[in-house]
Amino acid sequence: MGASVQPNAANGRRRGRRRSRARPMAEINVTPFVDVMLVLLIIFMVAAPLMTVGVPVELPKTAAGALPGDEEEPLTVTMTASGEIQIQTTAVAPNELIAKLRAIAAERSSDQVFLRADGAIPYEAVMQVMGALNAGGFSSVGLVTDVGGPSLDGRAVDDTGQ
């Protein structure tokens with residue numbers, strides 16, 4: 001077998017690119033930064049719902065007053081089993097509901113309202129009242145329910161929500 005001969009082996013340099021002094025790189029590599037941000041985003045998206053879960057606790061009673069929060073009493077609209085609609089405790093005719101809600105919305109700073117409807121009321125009637133609440137200026141509608149009903153898997157839920 002023959003010996004291999006490298007070109008320019010006599011002067012000890014390779015052909016091609018010469019090595020020059022290392023110059024500082026002028027570009028920032030953002031790929032690791034983006035990777036870390038995506039991981040943090042996923043962690044917070046998973047962890048955020050877990051932070052809102054409450055643990056049932058019997059709170060001690062104190063003489064301290066409530067923290068300043070909503071100065072307004074929450075607005076509640078109730079639909080009874082007989083079909084009557086009430087704002088707080090005042091009965092309202094269905095054809096006057098939107099006008100009264102607009103008048104109330106003009107005086108309130110919050111657009112939140114709680115809707116309480118009897119379980120015997122048809123779904124369509126509840127949705128009509130929800131539409132009236134929206135037309136009356138209330139975009140944040142909370143549906144009020146009671147605890148202790150059956151869950152979707154057939155088990156009964158106790159007062160603690162378990």
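Reader: Which hand does the β-α-β unit of strand 4, helix 3 and strand 5 have?

Author: Point the strands away from you and follow the path from the first strand over the helix to the second; clockwise means right-handed. Strand 4, helix 3 (residues 123-135) and strand 5 form a right-handed unit. Note that the model is predicted: local features need pLDDT of at least 70, side-chain atom pairs count only at pLDDT 80 or more, and totals for chains, interfaces and linings use all residues. Residues are numbered from 1 along each chain as its sequence is written, and side-chain values use heavy atoms, with hydrogens and water left out.

Reader: How many helices and strands does the protein have?

Author: Count DSSP runs from the N terminus: H or I of at least four residues for a helix, E of at least two for a strand. The protein has three helices and five strands. Along the sequence they follow the pattern α-β-β-β-α-β-α-β.

Reader: What is the order of the strands in the sheet?

Author: Look for pairs first; two strands pair if DSSP finds at least two bridges between them. The five strands make an open sheet in the order 3-2-1-4-5, and the pairing is mixed. Strand 3 (90-92) and strand 5 are the edges: each has a single partner strand, so one side of each lacks a neighbour in the sheet. From one strand to the next, the twist averages 30°.

Reader: In which sense do strand 4 and its partners run, parallel or antiparallel?

Author: Parallel, with both partners. Strand 1 (residues 75-79) is joined to strand 4 (residues 112-117) by five bridges and runs parallel to strand 4. In that pair, T76 faces F114 of strand 4. Strand 4 also pairs in the parallel sense with strand 5 (residues 140-143), over four bridges. On that side Q112 bridges to S140, and L115 bridges to L143.

Reader: Where do helix 2 and helix 3 lie on the sheet?

Author: Take angles between N-to-C directions, from 0 to 180 degrees, with axes fitted to C-alpha atoms, for helices over the stretch in contact. Contact means heavy atoms within 4.5 Å. Helix 2 lies across strand 1, strand 2 (85-87) and strand 3, at about 10° to strand 2. Helix 3 lies across strand 1, strand 2, strand 4 and strand 5, at about 165° to strand 4.

Reader: How do the axes of helix 2 and helix 3 cross?

Author: Sort the angle first: under 35 degrees is roughly parallel, over 145 roughly antiparallel, 65 to 115 roughly perpendicular, and the rest oblique. The axes of helix 2 (residues 97-107) and helix 3 come within 8 Å and cross at roughly 40°. Helix 2 is therefore oblique to helix 3. For the hand, view the near helix against the far one: turned anticlockwise by less than a right angle is left-handed, clockwise right-handed. Helix 2 passes helix 3 in a right-handed crossing. The contact brings L97, I98, L101 and R102 of helix 2 against V129, A132, L133 and A135 of helix 3.

Reader: Is T76 buried or exposed?

Author: Use relative accessible area with a 1.4 Å probe and protein chains only: under 20% is buried, over 50% exposed, in between partly exposed. T76, in strand 1, has 18% and is buried. Beyond four places in sequence, T76 touches Q86, I87, Q88, F114 and R116. V144 is 68 residues away along the chain, yet its C-alpha is 9.4 Å from that of T76.

Reader: What does T78 touch?

Author: T78 also lies in strand 1. T78 is buried, with 11% relative accessibility. Apart from residues up to four places away in sequence, T78 contacts E84, I85, Q86 and R116. F114 is 36 residues from T78 in sequence and 8.3 Å away, C-alpha to C-alpha. As for side-chain directions, in a regular strand they alternate between the two faces of the sheet.

Reader: Where does Q88 lie?

Author: Q88 sits in the loop between strand 2 and strand 3. Its phi is positive, about 55°, although Q88 is not a glycine. Q88 is partly exposed, at 27% relative accessible area.

Reader: What share of the residues in the protein is buried?

Author: Buried residues make up 13% of the 162. Among contacts between residues at least 6 apart in sequence, 63% join residues at least 24 apart.
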